[in-house]
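Morning, everyone. Please have the sequence and the model open while I talk. I'll go site by site.

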Amino acid sequence: CPLYRIMSSSPLSKKRRLSGSETTGSHCSSNSVRSELSHIPTNGMAKNGNEAEIDEGLYSRQLYVLGHDAMKRMQSSNVLISGLRGLGVEIAKNVILGGVKSVTLHDQGSAEWRDLSSQFYLREEDLGRNRAEVSQPRLAELNSYVPVTAYTGALTEEYLTEFQVVILTDSNLEEQLRLGDLCHSKGIKLIIADTRGLFGQLFCDFGEEMIVYDTNGEQPLSAMISMITKDSQGLVTCLDEARHGFETGDYVTFTEVQGMTELNGCQPIEIKVLGPYTFSICDTSSFSEYIRGGIVSQVKMPKKIAFKSLSASMAEPEFVLTDFAKFDRPGQLHVGFQALHAFEKKHKRQPKPWNQSDADELVSIANDVNANQAGSAKVEQLDEELLKKLTYVAAGDLAPLNAFIGGLAAQEVMKACTGKFMPIRQWLYFDAIECLPETEGALLTEEDCAPRNCRYDGQISVFGCKLQDELAKQRYFLVGAGAIGCELLKNFAMMGLACGDGEVIVTDMDTIEKSNLNRQFLFRPWDVTKMKSETAASAVKQMNPSIRITGHQNRVGPDTEKIYDDEFFEGLHGVANALDNVDARMYMDRRCVYYRKPLLESGTLGTKGNVQVVIPFLTESYSSSQDPPEKSIPICTLKNFPNAIEHTLQWARDEFEGLFKQPAENAMQYLTDPKFMERTLKLPGAQPLEVLEAVYRSLVTDRPSSRKDCVAWARNHWQVQYSNNIRQLLHNFPPDQLTSSGAPFWSGPKRCPHPLEFSTSNELHMDYIMAAANLFAQTYGLAGSTDRAAVIRLLQDVKVPVFTPKSGVKIHVSDQELQNANASVDDSRLEELKSLLPTPDVSSEFKLFPVDFEKDDDSNFHMDFIVAASNLRAENYDIPPADRHKSKLIAGKIIPAIATTTAAVVGLVCLELLKIVQGHRRLESYKNGFMNLALPFFAFSEPIAAPRHKYYENEWTLWDRFEVKGVQPNGEEMTLRQFLDYFKNEHKLEITMLSQGVSMLYSFFMPAAKLKERLDLPMTEIVTKVSKKKLGKHVRALVFELCCNDETDEDVEVPYVRYTIH
């Protein structure tokens, strides 16, 4: 399921001050006294339980994944996490960021060396101290709404009844079974999570009556209806604009049906899908005749699920597959993990890393375990090689695996608390043995993997010390320090990447804002407004002081190629992307292909995530596969025929740009840029007239001199948009208008509008006036006003001209018609405008201030305007309105995001990193991954090999190129003539076209005079001449693209040319 372009989750941040009320205080106590959990912290922030208001500023992106109801349910759950090694701390971090009622950390063990390879809140000076007590203050800082306490006592029945969810991460099988039966009988939801080196295990028991309110996390679908039959199973046909997307077994309800009104607002009906546009419903034979119209909407129905207890599920396990290529793995590992517990019980220790006799013993224990299985857990044939590998690495503790299993486990905690998304039923096993050395039989030795009493012991026990030395030398470029960036840096520090002679360079031009804190876990409330890259760099230095890391604030792109130049890229071992847009991803992909560096690519969208690995000379690149473009809304739909809130929100966004940004920008350019007029008049069609009319309005007719003028402008603009334009539309197309075929004009996707009457007592009308008047004042540098009463008084005196619809006004019904109607430009009006516009120098002291849309500041009137403008238009067309939260998602194009997905995705990225650093060369060793934690669904596939091309007998891929040295032995640079000859003689290729970037340097159809003048010029001179740009000093080589013919005059595809000049 290669849903490869999932955006990462950090929209651009703007600098913003935090109000005083948002300071945070840590409110935590050590060895827990349960009653303390209800106390209100000193800062008054954490009101938990039902009366809690959800802090939308903090939880914004997560709310778009879970919704308000699920968040409220989460805020009434007390969670216990037992075992604070690497896996426990990962789960705790994600759950605390998520915002449950309270978290208790339980651990009776002390920090030891092997914990430091993945427990990011333990430091070397903490060795010997209790893991829960040391971690508690550091975890508590993550979210001031969630009280975090440490508990070091025993897990008794009485103690556990305080909790809704219990997670065990570091417990033996006896303890698991004892607590499993206890939790099952008491209705406490239980999760068991465990990682052993490259192997992971997850188990869920959410009781016998778990209710899931939303099984997939997708938005409910809706479709417009064209016909419903009267039948024992009524047949519903939808408009053929788009497929309905329903599945058999879905439930739906109806609105706005004319004729068969019995269906409107009916109880949810189960459907049976018959085709992409049709489905059947209940018996409609006794209903009224269907006339027209109607909208069918999917209804999410709660689903009840029963879980077996741990003891029952051990014998009859149900597995969630993580990798379809490892179909039999879960059954094998189910036995293997039991054998590990038995081994540890017998020897009071873990198997020694890469120890042969321990491995043999574990295999024989596994055979006994398997022989004693009564139920479906028994496997026919044990995979002894697999079980040996499990034993070899069982003592290991790897940050990437803990991140993956920890992300999944934390999402299961959220499912347990909320009933949002489908839980794992009930076992999930995962392994990443492809990370081990590729050569079969190249076993690591016990000496290589013996503990060194250093912070990487947990990783050395899996991979040996040679890999540790390699990791320390790596130079990596991390692009982005948002959600994915923070997780990558934490894993890099734990794994020891760049902790010797290497370096991590992280760049991000963003500052930290409050909504980042919910998942970009290296940042704290007091970091808001600081730079992300520097803050993240200093935070990971706390986790591992030996990491060498440098923060930059540069955007990657052509503008920064003098910083990230040949020397920079050639010194790198690889690049990791942590970006939030496709353009920057494509750019970094091109750079990595050119410099032949591995690229680790990943992204998330809510509960969906993906990982793609790009390996030089082996795989295709990120840009090799492309997503279909996003559907855009037709202009005529936006202008005259909206039928969904998305249409009115896009219209409101366009209004915002067209009222408060574009006019001010154009007017300022007119006043300050002498070439503005010349450029404008060259624009196509009616654009010159439109631009100059807008400039004239900004500088002359609409220019306000006081707050009163701004209110009058807003009131009149309201009248035009919500009354006059609608009346004109209805004058052209009356409600009972018929089309040429006799069908009603206003039907199907065209909703018939009605004009609105302005009233100062209507809240929405006043919201609009307040926002529009303030924003309009802002563009002229005038003071605004938030005093509604004062604005209402000003409105009494505003004169609103009487409007009469005109005949002969053309309104386009389709985009096709719009394109065909070539607007005749009124030249006389253009000339008149040129004379009417004030001369630029007169107004030199006058300034306008364009407004840039910023969705996350609630005091700036931007979202106020969007919500009011959109909902007023929705009222015109009888479209159900959207609240501020939903409007912000759609108009702000926000990417929903949650910490759990990010953690899991980045865990997978870092497993690929381990393969790259070891120099794995087999395609099948690498894994591209896709997941959707809501379903839960996982898919791994080997990367697609780089496609092969051929000219003559030469095979090549996107990683190959022609290397041409521009400077010849005599010190002279090659001319175009010599370049063309070189290809003819050396490669038997006749160049027909030659370009560099967007500049055409040579073509076979070039005018003879031009060709003659170019043939004997040096190549770089032609480049600067055609592109009209000087070559920067940092440029060592140029890239030329070729079109060639072979000796038979056939067109052949060939690689690009790297033309070296220095």
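Is Cys-636 buried or exposed? Buried: its relative accessibility is 4%, and the cut-off for buried is under 20%. Keep in mind that this is a predicted model.

Why start there? The UniProt record, an unreviewed entry, puts an "active site" feature at Cys-636. The residue sits in helix α17, which spans residues 635–639. Now its contacts, setting aside neighbours within four places in sequence. Cys-636 touches Phe-641, His-812, Val-813, Ser-814 and Asp-815.

Next, a helix pair. Look at α21, residues 707–732, and α23, residues 788–796. Their axes are 10 Å apart, and they pack at an angle of about 75°. Angles from 65 to 115 degrees count as roughly perpendicular, so that is the label for α21 and α23. Which residues make the contact? From α21, Lys-708, Val-711 and Arg-715. From α23, Val-791, Leu-794 and Leu-795. By class, this contact has four nonpolar residues, two charged and no polar ones.

On to helix α27, residues 884–891. Its buried residues are His-885, Ser-887, Lys-888 and Ala-891. Where do they point? Seen down the axis of α27, the buried residues fall within an arc of 165°, so they line one face of the helix. What covers them? The cover includes α1 (56–74), α18 (645–672) and α26 (862–876).

Take one residue from that helix: Ser-887, in α27. Its relative accessibility is 0%, so Ser-887 counts as buried. Again leave aside neighbours within four places in sequence. Ser-887 is then in contact with Leu-649, Met-863, Val-867, Ala-882 and Gly-892. There is also a C-alpha distance to note. Ser-887 and Asn-871 are 16 residues apart along the chain, and their C-alpha atoms are separated by 9.4 Å. After α27 comes Lys-893, with a positive phi near 45°.

Now the C-terminal part. The UniProt record, again an unreviewed entry, places "domain: Ubiquitin-activating enzyme E1 C-terminal" at residues 926–1057. How much helix and strand is there over residues 926–1057? The chain there is 22% helix and 35% strand. The C-alpha atoms at the two ends of that stretch are 30 Å apart.

Helix α31, residues 1019–1027, has buried residues too: Met-1019, Thr-1020, Ile-1022 and Val-1023. Down the axis of α31, the buried residues fall within an arc of 160°, so they line one face of the helix. What covers them includes three strands with short ranges to find: β30 (999–1003), β33 (1056–1060) and β31. Also among the covering elements are β29, α29 and α30 (1008–1015). α31 is followed by Lys-1028, where phi is positive, near 55°.

Some backbone details now. Lys-988 is not a glycine, yet its phi is positive, about 55°. Lys-988 sits in the loop between α29 (976–987) and β29 (990–996). Its relative accessible area is 44%, so Lys-988 is partly exposed. Asp-1049 is not a glycine either, and its phi is positive at about 70°. Find Asp-1049 in the loop between β31 (1037–1045) and β32 (1051–1052). With a relative accessible area of 54%, Asp-1049 is exposed.

Which peptide bonds should you check for cis geometry? One runs from Arg-425 to Gln-426, with omega near -25°. Gln-426 is in the loop between α10 (399–418) and β17 (427–431). Another cis bond joins Leu-935 and Pro-936, where omega is about -25°. Pro-936 falls in the loop between β24 (928–932) and β25 (937–941).

One last stop: Gly-245. It lies in the loop between β9 (235–238) and β10 (251–255). Gly-245 counts as partly exposed, at 46% relative accessibility. Gly-245 and Tyr-277 are 32 residues apart along the chain, with their C-alpha atoms separated by 8.4 Å.

To close, go back to the start. Cys-636, the "active site" position in the UniProt record, is buried in this model. That's my tour.

Note on methods: Residues numbered from 1 in each chain as written. Predicted model: local features only at pLDDT ≥ 70, side-chain atom pairs only at ≥ 80, totals over all residues. Heavy atoms only, no water. UniProt positions renumbered as here; feature names shortened; annotations may be inferred. Helix = DSSP H or I, 4+ residues; strand = E, 2+ residues; numbered from the N terminus. Buried < 20%, exposed > 50% of the residue type's maximum accessible area, 1.4 Å probe, protein only. Contact = heavy atoms within 4.5 Å. Axes fitted to C-alpha atoms, helices over the stretch in contact; angles between N-to-C directions. Parallel < 35°, antiparallel > 145°, perpendicular 65-115°, else oblique. Nonpolar A, V, L, I, M, F, W, Y, C, P; charged D, E, K, R; others polar. Arc of directions from axis to C-beta.
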